[in-house]
Amino acid sequence: MFPKKLIALITAVLFFSLSMNAQMPGSGRTQGAGQNMNLGHFYGKLIEASNNKPLEAASVQLIQSKFDTVVKKRKDVVIGGMLTNKKGEFSIENLPIMGSFKLKITAIGYKSIEQKVNFDLNMGAAKNGDFSSMLNGVDKDLGNIKMETDAQQLQNVTVTAKAPLLEMKIDRKVFNVEKNLTSVGGTAVDVMKNVPSVNVDIDGNVTLRNAAPQIFVDGRPTTLTLDQIPADAIASVEIITNPSAKFDASGGGAGILNIVLKKNRKAGYNGNVRASIDSRGKPGLGGDFNVKQGKVNFFASSQMGIRKSISTVSTEQTSISATKGTAHSSQNNGPVNNGFFAFGRLGMDYFIDNRNTITIGGNIVRGRFKTADVINISRDTVNIPVPVTDNGYQSSNTVFNFHNYGSTLSFKHNFAKAGKEWTADANYNYSKNDNQADIQSQYFYSANNPKTPLVVQQTLGGGVTKFATVQTDFVNPISDKKKLEMGLRSAFRDYSSFNNNIIVSPVPTPPLPSVITTKYQFNDAVYAAYTTFSQQFKKFSYQLGLRAESSNYKGELLTTGQKFSTNYPLSLFPSTFFTYKLTDKQDLQLNYSRKINRPNFFQLLPYLDNSDPLNLSKGNPALKPEFTTLIELAYQKTYGKSNTFLATVYLRNTNGLISRYQYRDTNKIAAQNGDTVLINSYVNANTSYTYGLELIGKNKINSWWDITTNLNLFHATLKAGDITKGVSNNQFSWFGKLNNNFKLPKNYSIQLSGDYQAKTILPPSSSGGGGGGRGGGFMGGGGFGQTVVGTQGYTRPNYGVDIAIKKEFLKNNAASLTLQMSDIFRTKRSASHSESDIFVQDIERRRDPQLVRLNFNWRFGKFDVSLFKRKNLKGEMENMQNSQQGMGQ
């Protein structure tokens, strides 16, 4: 080895001499190949300055200034590098022996080091023939290099950086849940109450700009409802008001709410334990745990809560009949709901190597709720030969069980080119529910003499949903100004259900005819492909996208043999985004997209829900999808230190709008002398238009107070089309939300939030994609307490205020106590008015006002600095390797 190296060194010296001549004016020679004789070797050892212990996994980079023939300028290039071993040693070989270099050393928790280094070649000895002396300078020991601890940097590493409550990005807004005090110990329903642009009714149903959004979990559609996801398991909520072609076209007409669950990849282990109890004595318990060691990142979380919910419902109804005259009905009830839910999640990331990762995970949700309710009814019929006045009651006891099992398998490959990646994943969800309701009802004359016999009913029902998706995505940054994305997706859903209504007395009967006994099943499939291309020209950038979807739906009412189907062989959904950067702190964006909203299974189920025999609900399996066009013009400005303003003008046009609708029909379950009732169902209206202006501000008033404001002004028009008894409806309305955060001395903080919804047309439908709130009547609705159709009514104004106080304590504020109260002024209600030429109805409902909850949370963990450094510096090493490969090409 020595002779060969010596010969190579002599050759290098000769080439060096030639290169010196080549650089002389007028020589006419180019630089020779001597620069390619890479014989140099730097080595050394890193130690901690405080205790002289070796420092492992520190990044050592060797940088040299080189001439770039493309841009005709010199630039710094990484020509070698590595991570130190367990002994703190580093060794960088095959280096050019001529020129000067810069050694850059970084390590998490230590001050960075930069110093000039070069090879001390004894050229004089070489001229005298002593090449051995010259050879000694090629291998250079840099000695023991001491690194000093950086207390500030270490503090930033060991203490998780606190993200702001709201981050506004160019295509979405990100709401960070850990900063939201009023949702601690609750569910995703409580989280949504403070998310800008989102309105939540007392049943937990959400609307985004007065329309029902698609609910995603970790970027994928879900069968979970919001009340089945613990707030403490959520990291953030992404509000995407106009999704691009990359996202599902279904449900996107009202935007997407993407719930990002917690998953930590910090090296070492960490987690938290939490417990809560509310003013009704109902406890909750949960925790998270994460451990990262070597190639495996393991994460787990669980939550269990016991709940008691109390509602009050009052209804006034006037029915108009040409044969029976006018009848007034009044109902009052107070359903009480008791039960529990449990949530568990388990998964792991396996880092195959620096560029390939496999993730596998699963979740399970279990719940059981019991609702007890007594509805007091009084009726007064006039304008017929013999006026009738009577009163009655209906008592019900309902048990509702649900199970949900979900699993995911994903793979991610990062290419050598920065930002270029390929992902593939498969998801499967299995959901099952069953319910039983025992109902008794009877009517009396004004003197309390029985008018009807005691009717005892039993309702049995249940259903199973199987939902699977397979998806692959590819991202290729063609250059730093261009990017191409494309992907494929398939989704399959199978649903089956049954519902039996049995009259137990006065005369026991088997299950009633098919109109009452219902068995229904359906399946649908969606196949999609998309591509988007984005490019930037100085201050202007754009993204063009196109999504193609093929979908089919087949349903069958097994008890009658009636079949339903909807088939769209090919539908195209374009999207465009144009952004102009006015200044470094101001952006202007115009975007457009086309979407489809397919009816969910609650809207399709064709059986009657008779939790209130005078006000039944029934799905419509003949519903068709609705198509929406969405246009937005947005202006965003950042000013001051931490202030952001976002203004958006938007237009949403929907054809075939899925609308709630009421009609009158005979109560076939418990008909009494031809009694008729209102039946709530769904139909496709003609069209709807909504245009509005949304303003969002995030302001830091001073060091201890920041405020987020949201104001949405909009005008909605709904044209009924061929809906029987339906009328066109239009209404100007507005919605406002305010969130204050106060940081007080001694680690106290306060969050005060409130919202106001003005009079508006009733939301056309419940949340899409599994986004419903608390399960309707099973969770304590009852009575007339149903939100009804937009073509026939409006909601009355309502507002509410929540407050939470938090105290942090222990070392590094690892523990905290949070005291919160919802609806502190008892003003939050759901009040609606609807009417047609056959009825007038007013409903008012309240649920759980002034509920107090105390929460305890304790964070724990051991931070492994070396593991953290090893994980985060892999990317740097890849860049080094890529740079060196690029030099050799």
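In what order do the four strands of the open sheet with antiparallel pairing lie? In this predicted model, the order is S3-S2-S5-S6. Strand S3 (73–83) and strand S6 (113–117) sit at the edges with a single partner strand each, so one side of each has no neighbour in the sheet. Going from one strand to the next, the twist averages 25 degrees. Zooming in on one pairing, strand S5 (residues 101–106) and S6 run antiparallel and are joined by five bridges. Here leucine 103 has glutamine 115 in S6 as its bridge partner.

A second open sheet has three strands, and this one shows mixed pairing, in the order S4-S1-S7. Its edges are taken by strand S4 (89–96) and strand S7 (139–147), each of which pairs on one side only. With direction ignored, neighbouring strands of this sheet are turned by 20 degrees against each other on average. Strand S1 (residues 38–48) runs antiparallel to S4, and six bridges hold the two together. One spot to look for is glycine 40, which stands opposite leucine 95 in S4.

Stepping back to the whole chain, the protein has eight helices and 46 strands. Of its 889 residues, 52% are buried. Contacts can also be sorted by how far apart the partners are in sequence: among those with a separation of 6 or more, 70% are between residues 24 or more positions apart. As for the outside, the accessible surface comes to about 39,800 Å², and carbon and sulfur atoms account for 57% of this surface.

Further along the chain comes a set of strands with plenty of bridges to follow. Strand S32 (residues 626–639) pairs with strand S33 (residues 643–655) in the antiparallel sense, over 13 bridges. Threonine 628 faces another threonine here, standing opposite threonine 654 in S33. The hairpin made by S32 and S33 has three residues between the strands, and glycine 640 in this hairpin takes a positive phi near 65 degrees. S33 is also joined to strand S36 (residues 687–702), again antiparallel, this time by 12 bridges. In that pairing, asparagine 655 has threonine 687 in S36 as its bridge partner.

What about the inside? The largest nonpolar core has 30 residues, and Met192, Ile234 and Ile259 have the most contacts inside it. Helix H5 (residues 188–192) supplies the largest share of this core, namely four residues. Isoleucine 234 is a handy place to start exploring: leaving aside residues up to four places away in sequence, isoleucine 234 touches Val177, Ala188, Val191, Ile229, Ile259, Val260, Leu261 and Lys262. Another core, of 26 residues, lies apart from the largest one, and its members include Leu39, Leu46, Ala107 and Val138.

Charged side chains add another layer to the picture, with 24 salt bridges in the structure. In one of these, glutamate 485 pairs with lysine 246, and their closest N and O atoms are 3.2 Å apart. Glutamate 485 belongs to strand S25 (residues 482–505), while lysine 246 is in the loop between strand S14 (234–240) and strand S15 (256–261), so this salt bridge ties together parts that are 239 residues apart in sequence. The two partners differ in how covered they are. Glutamate 485 counts as buried because its relative accessible area is 9%, under the 20% cut-off. Lysine 246, at 32%, is partly exposed.

Are the partners in the salt bridge between glutamate 808 and lysine 806 buried or exposed? Glutamate 808 is buried, with a relative accessible area of 15%, and lysine 806 is buried too, at 16%. The N to O distance in this salt bridge is 3.7 Å. Arginine 846 and glutamate 844 form another salt bridge, with 3.6 Å between the closest N and O atoms. In this case arginine 846 is partly exposed, with a relative accessible area of 23%, and glutamate 844 is partly exposed as well, at 27%. Finally, some salt bridges link up into a network, which takes in Asp248, Arg489, Arg547, Glu549 and Arg598.

Key
Residues numbered from 1 in each chain as written. Predicted model: local features only at pLDDT ≥ 70, side-chain atom pairs only at ≥ 80, totals over all residues. Heavy atoms only, no water. Pairing = 2+ DSSP bridges. Axes fitted to C-alpha atoms, helices over the stretch in contact; angles between N-to-C directions. Core = buried A, V, L, I, M, F, W, Y, C linked by side-chain atoms within 4.5 Å. Buried < 20%, exposed > 50% of the residue type's maximum accessible area, 1.4 Å probe, protein only. Contact = heavy atoms within 4.5 Å. Areas by Shrake-Rupley, 256 points an atom, 1.4 Å probe, with all protein chains shown as cover. Salt bridge = Lys/Arg side-chain N within 4 Å of Asp/Glu carboxyl O.
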